[in-house]
Amino acid sequence: MESAAAAPRLLAALAAAALMLAAAQPALAIGLKMRDELHHRLQEERPQPQRLRGDRKYKIPNLNPLTVYDFKVSQGTRSVGLKIHMKEATVHGLPELVFDSAKVDLKKRHIQWNMRGETVAITGIYNVTGNVLILPITGQGPANITLKNCVFNYTFDYELKKQSDGKDYMKITDSNLRFDTTRVYVRLENLFNGDKLLGENMNRFINENWREVTQEIGPTIANAVADVFHQILTNISDLVPWEYAYV
């Protein structure tokens with residue numbers, strides 16, 4: 001398998017393209033079409049650390065790491081009824097995502113991206129209540145949720161909107177992100193008001209039943225990553241007319 005260090009990074013390339021295109025003056029001097037620029041960067045360039053810090057002017061988020069506010073897991077099933085809340089969660093590993101392939105259907109106005117990442121980790125101060133299988137759980141403290149060997153499939157539909165300059169711009173109308181992982185590790189400190197015996201047993205139990213737990217936390221993680229893609233795409237599309245981007 002191609003190493004993460006040597007492979008192109010999708011998010012870094014998107015952020016770099018957005019910054020480069022925004023800085024070009026005048027608009028017609030943008031030069032390379034977004035499609036060709038992204039292809040070039042995804043195939044040949046490695047990310048520069050400063051490109052991952054975001055840009056407030058163009059609303060490009062800091063990806064290294066990404067901060068997600070009000071991270072919640074609240075849906076429940078018969079077996080797992082976890083309710084986890086982090087006021088401020090930190091997502092690590094997004095800049096290391098490797099862009100594998102893309103499918104573009106211009107007639108249906110539908111685009112699909114396939115990506116993978118060795119490790120994606122979420123950390124923060126948690127508050128949890130509920131139950132895992134037959135066991136009740138409660139606690140508050142530092143949390144670490146680590147996903148290994150992630151595969152992401154991001155799809156989005158779009159339409160073209162004519163702006164005041166008379167040119168068409170892409171607007172995302174619908175998007176979806178699905179992912180799979182070979183392993184999830186969960187560590188919740190200070191469970192049961194700091195009772196070490198109960199806390200260690202619960203952490204062990206959660207990790208032994210990680211597939212059931214992932215069914216609960218998975219949608220929240222997917223939504224957080226999808227929001228990043230949507231935000232970067234939207235800001236690039238706001239900067240670059242369709243005729244320069246994909247045609």
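I count a residue as buried when its relative accessible area is under 20%. Thr181 comes to 8% relative accessibility, so I enter Thr181 as buried. The model I am reading is a predicted one.

**Entry 1. Thr181**

I looked up where Thr181 sits and found it in the loop between β6 and β7. I then asked which backbone oxygens lie by the polar side-chain atoms of Thr181. The backbone oxygen of Lys148 is 2.5 Å from a polar atom of that side chain. The backbone oxygen of Arg183 is 3.0 Å from a polar atom of the Thr181 side chain. Leaving out residues up to four places away in sequence, I listed what Thr181 touches: Leu147, Lys148, Asn149, Cys150, Trp210 and Thr214.

**Entry 2. The chain as a whole**

I counted five helices and seven strands in the chain. Read from the N terminus, the order is α-α-β-β-β-β-β-β-β-α-α-α. The chain has 247 residues, and 46% of them count as buried. I noted an exposed area of about 13,100 Å² for the chain, with carbon and sulfur atoms supplying 50% of it. I also looked at contacts between residues at least 6 apart in sequence; 69% of these join residues at least 24 apart.

**Entry 3. Strand pairs**

I took β3 and β4 to begin with. Strand β3 covers residues 98–105 and runs antiparallel to β4, with seven bridges joining them. Lys103 has Gln112 of β4 opposite it. Four residues lie between the strands in this hairpin, and Arg109 there takes a positive phi near 55 degrees.

Next I took β5 and β6. Strand β6 is residues 168–180, and it pairs with β5 in the antiparallel sense over 12 bridges. I looked up the partner of Thr155 and found Asn176 in β6. The hairpin of β5 and β6 has five residues between the strands, and Gly166 in this hairpin has a positive phi near 85 degrees.

I add one general note for reading these strands: in a regular strand the side chains alternate between the two faces of the sheet.

**Entry 4. The loop between β7 and α3**

I checked two asparagines here for their phi values. Asn190 is found in the loop between β7 and α3. Asn190 has a positive phi of about 65 degrees, although it is not a glycine. I record Asn190 as partly exposed, because its relative accessible area is 40%.

Asn193 also belongs to the loop between β7 and α3. Its phi is near 55 degrees, again a positive value in a residue other than glycine. Is Asn193 buried or exposed? With a relative accessible area of 78%, Asn193 is exposed.

**Entry 5. Helix α3**

I looked at the start of α3, where a side-chain oxygen of Asp195 comes within 3.2 Å of the backbone nitrogen of Leu197. Helix α3 runs over residues 196–208, which is 13 residues. From its first C-alpha to its last α3 reaches 18 Å, close to the 18 Å expected at 1.5 Å a residue.

Which residues of α3 are buried? I found Gly199, Met202, Asn203, Ile206 and Asn207. They cover an arc of only 130 degrees around the axis, so they are on the same side of α3. Leu197 and Glu208 are exposed on the other side of α3.

I then looked up what covers the buried residues of α3. The cover includes the strands β4 (110–132), β5 (135–162) and β7 (183–188), and it also includes helix α4 (210–239).

**Entry 6. Asn209**

I finished with Asn209, which is in the loop between α3 and α4. Asn209 counts as buried because its relative accessibility is 16%. I looked for a polar partner and found that the Asn209 side chain reaches the backbone oxygen of Phe205 at 2.8 Å. I also checked Asn209 against Val132. The two are 77 residues apart in sequence, and their C-alpha atoms are 8.8 Å apart in space.

Key. Residues numbered from 1 in each chain as written. Predicted model: local features only at pLDDT ≥ 70, side-chain atom pairs only at ≥ 80, totals over all residues. Heavy atoms only, no water. Buried < 20%, exposed > 50% of the residue type's maximum accessible area, 1.4 Å probe, protein only. Contact = heavy atoms within 4.5 Å. Areas by Shrake-Rupley, 256 points an atom, 1.4 Å probe, with all protein chains shown as cover. Expected span 1.5 Å × (residues − 1). Arc of directions from axis to C-beta. Polar contact = N/O pair within 3.5 Å; in protein donor to acceptor, adjacent residues only side chain to side chain. Pairing = 2+ DSSP bridges.
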